[in-house]
Amino acid sequence: MARHKKTFTVGWLYPDLMNIYGDRGNIITLLKRAEWRDYDARLLELGRGAAKRMDEVDVFFFGGGQDREQALVYEDLIEYKKAPLQRAIAAGAAVLAVCGGYQLLGDYYQTGEGRRFPGIGVIDVRTEAGKKRFIGDVVVDSSLVDLKPATLVGFENHSGRTYLGPKAKPLGKVRLGFGNNGEDHMEGCLQGTVIGTYLHGSLLPKNPQLADYLIKSAIRRRGITELERLDDTPELAAHARIVTRAGTPSS
Ligand code: GLN
């Protein structure tokens with residue numbers, strides 16, 4: 001199907017259930033930054049049940065949620081979203097998944113009570129909850145190529161400890177915070193066009209360079225490699241403030 005050059009579609013998985021700690025800000029940031037580059041930016045809300053038009057999505061967003069919400073969505077994710085999401089990713093769509101969403105894109109998430117929610121395995125990670133919750137500000141040195149600034153800042157609040165398998169690379173190294181599991185000093189994961197992270201806050205308003213990375217990654221399949229620069233002075237000031245407040249040097 002010929003794709004109209006100037007549309008840009010964000011697909012929001014479970015906006016009613018998987019949306020905490022300001023995750024909505026990521027949706028607003030993606031749509032606005034596409035709009036400011038003269039794209040006809042659209043939002044497709046993908047709640048529970050059979051989902052249509054997932055093949056039109058450029059960037060999927062899957063937010064966080066407590067164990068209760070994850071229990072309400074994991075079966076739907078397997079039954080109705082897994083196959084179209086895998087097709088969309090194979091066709092070059094990008095994905096940003098935060099915390100509870102990140103966990104359910106992996107092999108499984110096991111709660112502190114030992115209940116296991118199978119994931120959809122689009123990223124090679126597994127997660128098991130620990131006793132102590134990891135809460136607080138986070139500063140990460142990202143491994144994404146040419147990301148400027150190379151730091152990512154956000155806020156984490158999770159009991160899950162995530163371990164990466166051989167197919168998944170870390171999104172970056174933790175400077176401040178617990179990250180994936182409080183042991184290997186790594187945060188998040190990168191596998192093809194899929195990014196998983198524990199960074200809430202919301203993430204993208206204070207990390208506009210990552211928003212542009214996702215937009216570029218999704219429109220590359222249309223032969224577009226460049227995005228018009230935007231004036232990110234306020235966003236980067238907020239970013240730098242958290243890096244400085246963390247008592248770590250900015251990069
Ligand atoms: N319920 C998951 C955990 O505790 C995810 C929490 C979240 O999305 N913030 O680890």
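This report describes a predicted model, beginning with the ligand and its surroundings and then turning to a salt bridge and some backbone details.

## The ligand site

The ligand is surrounded by 17 residues, of which Gly65, Asp67, Gln70, Cys99 and Gly160 come nearest. Sorted by class, this shell consists of eleven polar, four nonpolar and two charged residues.

Three elements each contribute at least two residues to the shell: helix H2 (67–90), helix H3 (100–104) and strand E8 (151–164). The most comes from E8, which gives four residues.

## Polar contacts and enclosure

Two contacts involve a nitrogen atom of the ligand. In one, a nitrogen atom of the ligand lies 2.7 Å from an N or O atom in the side chain of Asp67. In the other, the partner is a polar backbone atom of Asn157, at 3.0 Å from a nitrogen atom of the ligand. An oxygen atom of the ligand also has a backbone partner: an N or O atom of Gly160, 2.9 Å away.

On its own, the ligand has 300 Å² of accessible area, and the protein covers 100% of it. The space that the ligand takes is the largest cavity.

## Salt bridges

There are 14 salt bridges in the structure. One of them pairs Glu35 with Lys32, and the closest N and O atoms of this pair are 2.9 Å apart. Both Glu35 and Lys32 belong to helix H1 (residues 24–35), where a spacing of three residues, about one turn of the helix, lies between them.

## Backbone details in loops

Two cis peptide bonds can be described. The bond from Lys148 to Pro149 is cis, with omega near -10 degrees. Pro149 sits in the loop between strand E7 (125–142) and E8, and E8 is also the strand that gives four residues to the shell around the ligand. The other cis bond joins Gly201 and Ser202, with omega at about 15 degrees. Ser202 belongs to the loop between strand E12 (194–197) and helix H4 (208–219).

A further detail concerns Asp38, which is not a glycine but has a positive phi of about 65 degrees. Asp38 lies in the loop that runs between H1 and strand E2 (40–46). H1 is also the helix that holds the Glu35 and Lys32 pair.

Note on methods
Residues numbered from 1 in each chain as written. Predicted model: local features only at pLDDT ≥ 70, side-chain atom pairs only at ≥ 80, totals over all residues. Heavy atoms only, no water. Near = heavy atom within 4 Å. Polar contact = N/O pair within 3.5 Å; in protein donor to acceptor, adjacent residues only side chain to side chain. Areas by Shrake-Rupley, 256 points an atom, 1.4 Å probe, with all protein chains shown as cover. 1 Å grid on protein atoms, 1.4 Å probe; cavity = no way out; pocket = protein on both sides within 12 Å on 5 of 7 lines; lining within 4 Å. Sits in = over half its atoms within 2 Å of the grid points. Nonpolar A, V, L, I, M, F, W, Y, C, P; charged D, E, K, R; others polar. Salt bridge = Lys/Arg side-chain N within 4 Å of Asp/Glu carboxyl O.
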